[in-house]
Amino acid sequence: MKTSLYALLGLLAGALLFAGCPPTGDDDDSTVAAADDDDDDDDDDDSAPADDDDAVPGPLELIGSYLDGWGSFHVVTAETWHTGLAPTDSVYLISQYDNDAGWVVAQNGEDNAFFPEAWSRFDWTTVDGQLYFCTTAYDAGTEQAALDADAPDATDPSASGCCGFSWTAMNADQGPLAVNGIYNDGWGTFHAVLQDVWHQGGLNVNRYTLSQYDNDAGYAIAENHADNEFSGGLWSRFDFTSADGAWWYCQSAYDAADEAAALATVAADPADPANAGCGGFSWTSLGADEGFTSLRGTFDDEWGTVHTVTWDQWDQDTNEYFLTIWDTQWAVARNGDSNAFNPGLWSKLHWTTFDDATYYCQTAFDATDVATALAAPDPDYDDLGGAGCGGFAWTNLTP
């Protein structure tokens with residue numbers, strides 16, 4: 001089965017987040033000191049005039065965007081700590097923090113690849129002007145268990161102290177590429193703009209490998225893949241801007257001899273992207289971010305087939321379908337070369353939900369190319385149980 005390198009890198013970054021620290025669990029026999037008890041003699045008495053237990057803490061000092069020493073992005077807000085990039089990103093819902101002690105406690109997001117809905121604790125420190133963090137707990141059974149995890153040793157974070165390893169360095173960064181997303185532009189062209197590759201016309205159809213970008217200036221420089229339809233092996237410059245609630249882009253250079261030449265290309269004029277500014281023409285509207293396919297997971301259908309759907313692949317038992325273009329309720333995919341039926345041809349798959357149930361319909365299965373599959377007639381989304389799928393009922397998918 002094909003595995004996306006992009007997904008592997010995201011999962012690796014997630015795994016590195018937990019390196020070193022032992023499982024936290026929720027161990028009642030833990031030797032870690034319990035949380036402060038108001039019944040202790042030396043507790044802060046809530047009735048005391050100087051009591052500050054209920055004081056509102058200042059804003060989280062760590063708020064910002066960072067790139068860590070492993071190449072993974074972190075975006076910290078007042079409510080969340082976000083690591084990695086879609087579709088293999090992880091989110092942690094911050095419940096409490098302490099700026100003075102330098103820690104955050106958060107619940108793992110329900111869709112995280114590792115330990116969903118468990119609890120984590122992140123500690124941070126700054127030494128010699130360098131910011132470091134340590135994931136002290138990542139699988140705690142409760143918020144209190146995460147809070148009670150042993151604080152890491154911040155004496156020499158560049159070398160040790162984080163569960164037997166060094167802490168992870170973090171540097172302030174401009175953040176992920178601002179125009180990241182999945183789009184079908186005004187000309188009907190599909191774009192998958194990832195952190196490292198800009199795909200046009202479908203996944204792995206025309207690829208541009210990003211070498212640098214600047215969100216403030218609104219550009220990205222990329223090397224054209226050798227197999228692209230035009231100007232393979234040369235360099236491109238993509239200018240991008242946001243206007244009227246949508247992203248617009250202009251490929252200001254597409255055949256530059258090298259990275260420096262692409263970077264030196266005069267930027268497109270963003271003053272009026274809908275009408276002018278891109279080499280004498282309007283910019284191209286990318287439209288709204290369609291997002292990665294809404295249907296993801298493992299399902300059984302009523303015919304006994306197991307479906308495994310990821311962001312870029314739909315497997316039906318041992319038959320593989322590599323997603324190339326998609327929208328909110330359909331995807332065009334290339335049939336795997338080893339499929340039992342119609343290997344190497346093209347399919348179009350549709351899905352929808354009704355009364356909390358999921359259904360799918362395959363309207364093309366032996367198309368000769370992407371365009372033919374894309375032109376396949378849509379099924380009837382209002383006739384799931386009758387003849388809405390090419391004269392037959394849609395197929396029910398059970399998680």
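Which residues is G69 in contact with, leaving aside its neighbours within four places in sequence? The legends below describe close-up views of a predicted model, beginning with this residue.

**View A. Surroundings of G69 in the loop between strand 1 and strand 2.** The loop that holds G69 lies between strand 1 (64–68) and strand 2 (73–76). Beyond its neighbours within four places in sequence, G69 is in contact with T168 and A169. The C-alpha atoms of G69 and A169 are separated by 5.4 Å, although the two residues are 100 residues apart along the chain. G69 has a relative accessible area of 62% and is therefore classed as exposed, the threshold for that class being over 50%.

**View B. The eight-stranded barrel.** Eight strands, in the order 1-2-3-4-5-6-7-8, close into a barrel with antiparallel pairing. From one strand to the next, the twist averages 35°.

**View C. Pairing of strand 4 with strand 5.** Six bridges join strand 4 (residues 90–98) to strand 5 (residues 103–108) in the antiparallel sense. Within this pairing, Q96 stands opposite V105 of strand 5. Strands of a sheet pair through backbone hydrogen bonds, in either a parallel or an antiparallel manner.

**View D. Surroundings of Y381 in the loop between helix 4 and strand 24.** Y381 is placed in the loop that runs between helix 4 (370–374) and strand 24 (395–398). With a relative accessibility of 25%, Y381 counts as partly exposed, because that class lies between the limits of 20% for buried and 50% for exposed residues. When neighbours within four places in sequence are left aside, the contacts of Y381 are Q329, H350, W351, T352 and W394. The side chain of Y381 reaches the backbone oxygen of Q329 at 3.4 Å. A separation of 9.7 Å is found between the C-alpha atoms of Y381 and F354, which are 27 residues apart along the chain.

**View E. The largest nonpolar core.** This core has 26 residues, and those with the most contacts inside it are L295, W314, W326 and V332. Two or more residues are given to this core by each of strand 10 (190–193), strand 20 (319–326), strand 21 (330–335), strand 22 (346–354), strand 23 (357–367) and helix 4. A second, separate core of 16 residues includes V179, A220, A222 and Y249.

**View F. Contacts of V332.** Apart from neighbours within four places in sequence, V332 is in contact with F322, L323, T324, I325, W346, S347, K348, V370, A373 and L374. V332 is also one of the residues with the most contacts inside the largest nonpolar core.

Note on methods: Residues numbered from 1 in each chain as written. Predicted model: local features only at pLDDT ≥ 70, side-chain atom pairs only at ≥ 80, totals over all residues. Heavy atoms only, no water. Pairing = 2+ DSSP bridges. Helix = DSSP H or I, 4+ residues; strand = E, 2+ residues; numbered from the N terminus. Axes fitted to C-alpha atoms, helices over the stretch in contact; angles between N-to-C directions. Buried < 20%, exposed > 50% of the residue type's maximum accessible area, 1.4 Å probe, protein only. Contact = heavy atoms within 4.5 Å. Polar contact = N/O pair within 3.5 Å; in protein donor to acceptor, adjacent residues only side chain to side chain. Core = buried A, V, L, I, M, F, W, Y, C linked by side-chain atoms within 4.5 Å.
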